[in-house]
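Visitor: I have a model open on my screen and would like to learn how to read it. Could you walk me through it, feature by feature?

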Amino acid sequence: MLRPWKLELEIDKKLEKAVYLQIADTIISDIRSGRLKTGDALPGSRNLAQTLKINRNTVVEAYQVLINEEWVISRERKGIFVSERLPALHEKNAEALHYPHHQQVMSSGIVINFDDGHPDSKIAPVTELARAYRQIFGIKAKWQMMGYGNEHGDTEFRKMISQMLNHQRGMHIDENEISITRGSQMGMFLTAQTLLNPGDIVIVEDPGYQPAWQAFEYAGAKLLSVPVDQEGIHMETVEKLLKQHQNIKALYITPHRQYPTTVTLSLARRLQLIELSNQYNITIIEDDYDNEFHFGYRPILPISSFPELHNYVYIGTLSKVVAPALRIGYLATKNQELLKRIGDLRKIIDVHGDVIMEQAVLQLIKEGAIKKHIRKATVHYKNKRDFVFELLTKYMKNIADFTLPEGGLAFWIVPKTRLDWDAVTKLLLEKNIKIIHPKQYSKSQVNGFRLSYGALSEEQLEQSIPVIAEVISGF
């Protein structure tokens, strides 16, 4: 393919700015100026590296920055091209580039959506997954996979999940204690339907994850909410409720990074929770929704990894690791009677899972592609987290409280004054910024909101956070 564009750039290795960023910014400048137009092909990484007399990996990193920020797109076996749909800020004319940030957001017409913590789909290993899927389908599907599979999922895949849980999360589980589901929410629903009876009580965190609450309520359970502080769920309240109510069947918790506040349940409270669970014979439903993305020394081990805990269901997902649209979750439990009921219900709902996709993901795990992606994604999200923290410190330190999370894809922001959140969310939406209303976390409407950064570009974050700060400070 003919690539007539020639990069005019002098690399200055004495600059503090990394070489790959110098390359990326030069290309962005050429796109802004119109020298590079939509659909134009960029030089191949090998050719550009030879021209600039630098390592090819440096060019690859520069191109990855451009892909992540949506300036260019990668087409398999064809090359790198200027995006057909450029980031919102740069669709404006030259005059618009001089507008203040909040005016750009308001005039763009494109809503910047702060979701509940979705990953960045632009860095997902979609190409590798598609390749593995085609290979597995071509090799095995014709003669081995066209029949129904096990209701709990492919055996080899479950073995790999059990190894991951044992080696990385300190658990003691085997493949016969795992069920593969279509996402963690399906695991939650199956658990609720098979564990709970109408009239049973489930203790939940408040604020908390309402889709899980809905699964419990659909099974006929009643919810008792317990507040969360800087050490996690308030254990004195939990113990008080256990003494008052005879029919508490389970406690649902997100201890690694509490949803939505991101706090980690302290070790003292973990041990107390295990003791109470055993004493009152209640099941701990542990939702470990984003264990992989941790920026400290290592993630906190799950409560389910403690051998002293008698009754638990541990729920996780691969959707945030591989790709948001990939619906593969899993649950693990030592309760074989419960697992059998889950399998029986699963057969009624879905017969069995996507065996070919499970095999494709298994292949990526064996090849080391998933491990490589997690390392890359962790660096990506840590850098983005630090960027957001700088913005929050600059614009919100005097009007809201927040802490630097050790992992995950979101901050929890608590304004220093109580706000009218109906008015706040409405005003922000008028400025093309959408946040999740606090009523989605708590029936008592907590005075805080979850600012998720995973799926947004640095540019979108830089545009929107000052506007959010301006709106909050106006109340």
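Guide: Happy to. Let's start with one side chain, L165. Not counting residues up to four places away in sequence, L165 touches G170, M171, I173, I178, Y314, Y330 and A332. Keep in mind that this is a predicted model.

Visitor: What should I make of a leucine with neighbours like that?

Guide: The general idea first: in soluble globular proteins, nonpolar side chains tend to be buried together. Here, the largest nonpolar core has 49 residues, and I161, L165 and V238 touch the most other members. Helix α12, residues 355-367, gives the most to this core, with 6 residues.

Visitor: How many residues are in the other core, the one that lies apart from it?

Guide: That other core has 34 residues, among them Y381, F387, L391 and I433.

Visitor: Now a charged one. Is E177 buried or exposed?

Guide: E177 has a relative accessible area of 11%. Buried means under 20%, so E177 counts as buried. You'll find E177 in the loop between α6 (155-169) and β4 (178-181). Leaving out residues up to four places away in sequence, E177 touches H172, L331, A332, T333, K334, Q336 and L339.

Visitor: How do I read salt bridges?

Guide: Side chains of opposite charge can pair when their charged atoms come close. In this model the count comes to 17 salt bridges. Take D120 and K384: their side chains meet in a salt bridge at 3.5 Å, N to O.

Visitor: Where along the chain do D120 and K384 sit?

Guide: D120 is in the loop between β3 (112-113) and α5 (126-144), while K384 is in helix α13, residues 369-396. The two are 264 residues apart, so this pair links distant parts of the chain. D120 is buried, with a relative accessible area of 3%, and K384 counts as buried at 3% relative accessibility.

Visitor: Which residue does D200 meet in a salt bridge?

Guide: D200 meets K249, at 3.7 Å from N to O. D200 lies in the loop between α7 (184-195) and β5 (201-206), and K249 in strand β8 (residues 248-253), 49 residues apart. Check the burial of each partner separately: D200 counts as buried at 11% relative accessibility, whereas K249 is partly exposed, with a relative accessible area of 27%.

Visitor: What about a pair with an arginine?

Guide: Try R257 and D290, whose side chains meet in a salt bridge at 3.3 Å, N to O. R257 lies in the loop between β8 and α10 (267-280) and D290 in the loop between β9 (283-287) and β10 (312-317), so the pair ties together parts that are 33 residues apart in sequence. Both R257 and D290 are buried. Salt bridges can also form a network, as the one linking R169, D288 and E292 shows.

Visitor: On to helices. At what angle do α2 and α3 pack?

Guide: Helix α2 (residues 45-52) and helix α3 (residues 56-68) pack at about 120 degrees, with their axes 8 Å apart. That makes α2 oblique to α3, and the crossing of the two is right-handed. To look at the contact itself, find S45, R46, L48 and A49 in α2, which meet R56, V59, V60 and Y63 in α3.

Visitor: And the backbone? What counts as unusual there?

Guide: Most residues other than glycine have a negative phi, and most peptide bonds are trans. K53, in the loop between α2 and α3, has a phi near 60 degrees, a positive value in a residue other than glycine. K53 is exposed, with a relative accessible area of 71%. N432 isn't a glycine either, yet its phi is positive at about 65 degrees. N432 lies in the loop between α14 (421-430) and β14 (433-434), and N432 is buried, with a relative accessible area of 12%.

Visitor: Which peptide bonds should I look at for the cis form?

Guide: One is the bond from D206 to P207, cis with omega near 5 degrees; P207 is in the loop between β5 and α8 (210-218). Another is the bond from Y259 to P260, also cis, with omega near 10 degrees. P260 lies in the loop between β8 and α10, which is also where you'll find R257.

Technical notes. Residues are numbered from 1 along each chain as its sequence is written. This is a predicted model: local features need pLDDT of at least 70, side-chain atom pairs count only at pLDDT 80 or more; totals for chains, interfaces and linings use all residues. Side-chain values use heavy atoms; hydrogens and water are left out. A nonpolar core is a set of buried Ala, Val, Leu, Ile, Met, Phe, Trp, Tyr and Cys residues joined through side-chain atoms within 4.5 Å. Buried means under 20% relative accessible area, exposed over 50%, partly exposed in between (1.4 Å probe, protein chains only). Helices (H or I, at least four residues) and strands (E, at least two) are DSSP runs, numbered from the N terminus. Contact means heavy atoms within 4.5 Å. A salt bridge is a side-chain nitrogen of Lys or Arg within 4 Å of a carboxyl oxygen of Asp or Glu. Axes are lines fitted to C-alpha atoms, for helices over the stretch in contact, and angles run from 0 to 180 degrees between N-to-C directions. Angles under 35 degrees count as roughly parallel, over 145 as roughly antiparallel, 65 to 115 as roughly perpendicular and the rest as oblique. A crossing is left-handed if the near helix is turned anticlockwise from the far one by less than a right angle, and right-handed if clockwise.
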